Amino acid sequence: MNWLMAFLHHLAAFTLVSTLVYERILMHKPLTLERAQSLMKTDQLYGAAAVALFIIGGLRVFYFEKGADYYFQSAPFIAKLVLFAFVGLLSIYPTKTFFSWRKNVVQKQLPVMTDKQQKRLQIVFNIQLLGVGGILLGAAMAAKGIGFVS
């Protein structure tokens, strides 16, 4: 069963990363109705992947891998959790923005997005991707036993 949980965890992680990259790419192009719809759908998938990643990761920590005692003595693992929370908090801004477009999109109207708002979203996506890089580094270090607190 460990192999299945590892597979699902990695699938959720790759889905999260790919949706985040896709949102970043779309945000660097002029907004069209189709792009707005794509951003909204992609952000929903991103959120679902984040929830799945959190739940499956928790199951792996507590039931399927080395155990909570092992992981919670790892500074890189704790840093990974903090970064995951940070990236998750950052995702609130794009999600709120895309949700605010709902009425316009349903009415087949282009949502309003200022240049300032677009730049802010680009910055948020860039910071999130850097955070994901840190999460991956923390995961690799924790898996190899680096940075354990005695």
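# An all-helix chain

Let's start at one spot: Leu 45 sits in helix 2. This is a predicted model, so keep that in mind as you look around. The protein chain has 7 helices and 0 strands, and its pattern along the sequence reads α-α-α-α-α-α-α. Measured out along the principal axes, its C-alpha atoms would fill a box of roughly 55 × 30 × 20 Å. Of the 150 residues in the protein chain, 37% are buried.

**Leu 45 and its place in helix 2**

- Is Leu 45 buried, exposed or partly exposed? Its relative accessibility is 46%, and Leu 45 counts as partly exposed because that value falls between the 20% limit for buried and the 50% limit for exposed.
- Leu 45 and Thr 19 are 26 residues apart along the chain, and their C-alpha atoms are separated by 7.2 Å.

**How helix 1 and helix 2 pack**

- Two packed helices are described by the angle between their axes and the distance between the axes.
- For helix 1 (residues 2-27) and helix 2, the angle is about 150° and the axes are 8 Å apart.
- Why is this pair called roughly antiparallel? Angles over 145 degrees earn that label, so helix 1 runs roughly antiparallel to helix 2.
- Helix 1 and helix 2 make a left-handed crossing.
- In the contact of helix 1 with helix 2, you'll find 20 nonpolar, 8 polar and 4 charged residues.

**How helix 4 and helix 7 pack**

- Helix 4 and helix 7 have axes that come within 8 Å and cross at roughly 160°.
- That angle makes helix 4 roughly antiparallel to helix 7.
- The crossing here is left-handed.
- Phe 86 belongs to helix 4, and with a relative accessible area of 40% Phe 86 is partly exposed.
- Phe 86 and Met 40 have C-alpha atoms separated by 21 Å, with their positions 46 residues apart along the chain.

**The nonpolar core**

- In soluble globular proteins, nonpolar side chains tend to be buried together.
- The largest nonpolar core in this model has 23 residues.
- Which residues have the most contacts inside this core? They are Leu 16, Met 27, Leu 39, Phe 98 and Trp 101.
- Helix 1, helix 2 and helix 7 are the elements that give two or more residues to this core.
- Helix 2 gives the most, with 8 residues.

**Aromatic rings**

- How many aromatic pairs does the structure hold? There are 7 of them.
- One of these is Phe 62 with Phe 72, a tilted pair with 6.1 Å from centre to centre and 40° between the planes.
- Phe 62 lies in helix 2 (residues 33-64), while Phe 72 lies in the loop between helix 3 (68-71) and helix 4 (75-90), so this pair ties together parts that are 10 residues apart in sequence.
- Phe 72 has a relative accessible area of 40%, so it ends up in the partly exposed group.
- Tyr 71 and Phe 77 pair up too: their ring centres are 5.1 Å apart and their planes are at 45°, so this pair is also tilted.
- Are Tyr 71 and Phe 77 buried or exposed? Tyr 71 counts as buried at 11% relative accessibility, and Phe 77 is buried as well, with a relative accessible area of 5%.
- Put the ring pairs together and you get a cluster made of Phe 62, Tyr 70, Tyr 71, Phe 72, Phe 77 and Phe 148.

**Two lysines to find**

- Lys 103 is part of helix 6, and at 60% relative accessibility Lys 103 counts as exposed.
- Lys 103 and Ile 123 are 20 residues apart along the chain, and 25 Å separates their C-alpha atoms.
- Where is Lys 108? Look in the loop between helix 6 (102-106) and helix 7 (115-143).
- Lys 108 has a phi near 60°, which is a positive value in a residue other than glycine.
- Lys 108 has a relative accessible area of 59%, and it is exposed because that is over the 50% limit.

Key: Residues are numbered from 1 along each chain as its sequence is written. This is a predicted model: local features need pLDDT of at least 70, side-chain atom pairs count only at pLDDT 80 or more; totals for chains, interfaces and linings use all residues. Side-chain values use heavy atoms; hydrogens and water are left out. Rings of Phe, Tyr and Trp (its six-membered ring) pair if their centres lie within 6.5 Å; planes under 30 degrees apart count as stacked, over 60 as edge-to-face and the rest as tilted. Helices (H or I, at least four residues) and strands (E, at least two) are DSSP runs, numbered from the N terminus. Buried means under 20% relative accessible area, exposed over 50%, partly exposed in between (1.4 Å probe, protein chains only). Axes are lines fitted to C-alpha atoms, for helices over the stretch in contact, and angles run from 0 to 180 degrees between N-to-C directions. Angles under 35 degrees count as roughly parallel, over 145 as roughly antiparallel, 65 to 115 as roughly perpendicular and the rest as oblique. A crossing is left-handed if the near helix is turned anticlockwise from the far one by less than a right angle, and right-handed if clockwise. Ala, Val, Leu, Ile, Met, Phe, Trp, Tyr, Cys and Pro count as nonpolar, Asp, Glu, Lys and Arg as charged, and the others, Gly among them, as polar. A nonpolar core is a set of buried Ala, Val, Leu, Ile, Met, Phe, Trp, Tyr and Cys residues joined through side-chain atoms within 4.5 Å.
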